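Work through the following exercises with the structure open beside you, and try each task before reading its solution.

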Amino acid sequence: MYKRFMLQLFLCNLLFCTGWFCVKGIQADRLASTPAFQVNLTENCVQPVADKSYGALRKVSSGQRVVDYEILERKDQYGLSEEDYEILLKIVQAEAGNEDEKGKMLVAGVVLNRVKSSRFPGTVKDVVFQNHDGVYQFSPIANKTYYSANVSEETRAAVDRVLGGEDVSQGALYFAARKYADAEKMRWFDRALVRLFEYGGHEFFTTR
């Protein structure tokens, strides 16, 4: 009688332990199958970073814990406002949308060179929309094509490279497409400025 009671108790304990290990095994499998870095958009895990990140993700969530990461943060050595950044993207698209990435970087470089120069206004917006004696400095503003420009990912990448410190402009402050430019205007370019180089249909100049 006593032996049978002990045998029943042993079997009960064995069944309990087996069930407990099965439950833990299921939980472990579920945890292991959770994506290691799953962005959580529903629990306030996505936050904007500093002003010049333009919406980069600050935090990434895993299945077990929230990890504080700064990823995809855009480097901007010029400290542009959001408005100036968007204007720079659009003028580059309007001026060089059909050119390769370097051609786009050159146009962005000219705009930013003007911002840094004492000869021109001090913001991207004021440079792009500058009107001197009734003449706009950039033809897409004059002919309104700026307003319908749809910024491509290649344009965005080119502008971001320039903002990150890549300068291929050689200090250029002017550019013109001789093929399409007014002849009198090009004569002024040739007479008053120093021609630096030509790339992608544009000639680039600086002051004497």
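**Exercise 1. A salt bridge across the chain**

Task: Find the salt-bridge partner of Glu 203, and decide whether each of the two residues is buried, partly exposed or exposed.

Solution. Keep in mind throughout that this is a predicted model. First, look around the side chain of Glu 203, where a salt bridge is formed with Arg 178, and the closest N and O atoms are 2.6 Å apart. This pair links distant parts of the chain, since Glu 203 sits in strand 7 (residues 202–207), while Arg 178 belongs to the loop between strand 5 (174–176) and helix 7 (183–192), 25 residues apart. Next, turn to accessibility, remembering that buried means under 20% relative accessible area. Glu 203 has a relative accessible area of 6% and is therefore buried, whereas Arg 178, at 34%, counts as partly exposed. Finally, follow the charged side chains outward from this pair: Arg 178 and Glu 203 belong to a network of salt bridges that also links Asp 190, Arg 195 and Glu 198.

**Exercise 2. Two further salt bridges**

Task: State how many salt bridges the whole structure holds, and then examine the pairs Glu 184 with Arg 187 and Glu 166 with Arg 161.

Solution. Begin with the total, which a search of the whole structure gives as nine salt bridges. In the first pair, the closest N and O atoms of Glu 184 and Arg 187 are 2.8 Å apart. These two residues are three residues apart in helix 7, so they are separated by about one helical turn. The general rule behind this step is that an α-helix has 3.6 residues a turn, so residues three or four places apart point the same way. Both ends of the pair are partly exposed, with relative accessibilities of 44% for Glu 184 and 47% for Arg 187. In the second pair, the side chains of Glu 166 and Arg 161 meet in a salt bridge with an N to O distance of 2.8 Å. Here Glu 166 is partly exposed at 36%, and Arg 161 is partly exposed at 33%.

**Exercise 3. How helix 2 meets helix 6**

Task: Describe how helix 2 and helix 6 pack, and say which residues make the contact.

Solution. Start from the axes of helix 2 and helix 6 (residues 153–163), which lie 10 Å apart, with a packing angle of about 120°. This angle makes helix 2 oblique to helix 6, and the crossing is right-handed. Now list the residues that touch: Tyr 85, Glu 86, Leu 88, Leu 89, Val 92 and Gln 93 of helix 2 meet Thr 155, Arg 156, Val 159, Asp 160 and Leu 163 of helix 6. Sorted by class, this contact has six nonpolar, two polar and three charged residues.

One of these residues, Gln 93, deserves a separate look. Gln 93 lies in helix 2 (residues 82–96) and counts as buried, because its relative accessibility is 14%. Leaving aside neighbours within four places in sequence, Gln 93 is in contact with Ala 149, Asn 150, Val 151, Ser 152 and Thr 155. A further distance to check is that from Gln 93 to Lys 104, which is eleven residues apart in sequence and 7.5 Å apart in space, C-alpha to C-alpha.

**Exercise 4. What covers helix 6**

Task: Name the buried residues of helix 6, and identify elements that cover them.

Solution. The buried residues of helix 6 are Thr 155, Ala 158, Val 159, Asp 160, Val 162 and Leu 163. Their cover includes helix 2 and helix 3 (101–116). Helix 2 was treated above, so the remaining step is to consider helix 3, whose axis comes within 8 Å of that of helix 6 and crosses it at roughly 50°. That makes helix 3 oblique to helix 6, and the crossing is right-handed. On the side of helix 3, the contact is made by Glu 101, Lys 104, Met 105, Ala 108, Gly 109 and Leu 112, while the residues of helix 6 that take part include Ala 157, Ala 158 and Val 162. By class, this contact of helix 3 with helix 6 has eight nonpolar, two polar and four charged residues. To finish, look just after helix 6, where Gly 165 takes a positive phi of about 120°.

Note on methods:
Residues numbered from 1 in each chain as written. Predicted model: local features only at pLDDT ≥ 70, side-chain atom pairs only at ≥ 80, totals over all residues. Heavy atoms only, no water. Salt bridge = Lys/Arg side-chain N within 4 Å of Asp/Glu carboxyl O. Buried < 20%, exposed > 50% of the residue type's maximum accessible area, 1.4 Å probe, protein only. Helix = DSSP H or I, 4+ residues; strand = E, 2+ residues; numbered from the N terminus. Contact = heavy atoms within 4.5 Å. Axes fitted to C-alpha atoms, helices over the stretch in contact; angles between N-to-C directions. Parallel < 35°, antiparallel > 145°, perpendicular 65-115°, else oblique. Left-handed = near helix turned anticlockwise from the far one by under 90°. Nonpolar A, V, L, I, M, F, W, Y, C, P; charged D, E, K, R; others polar.
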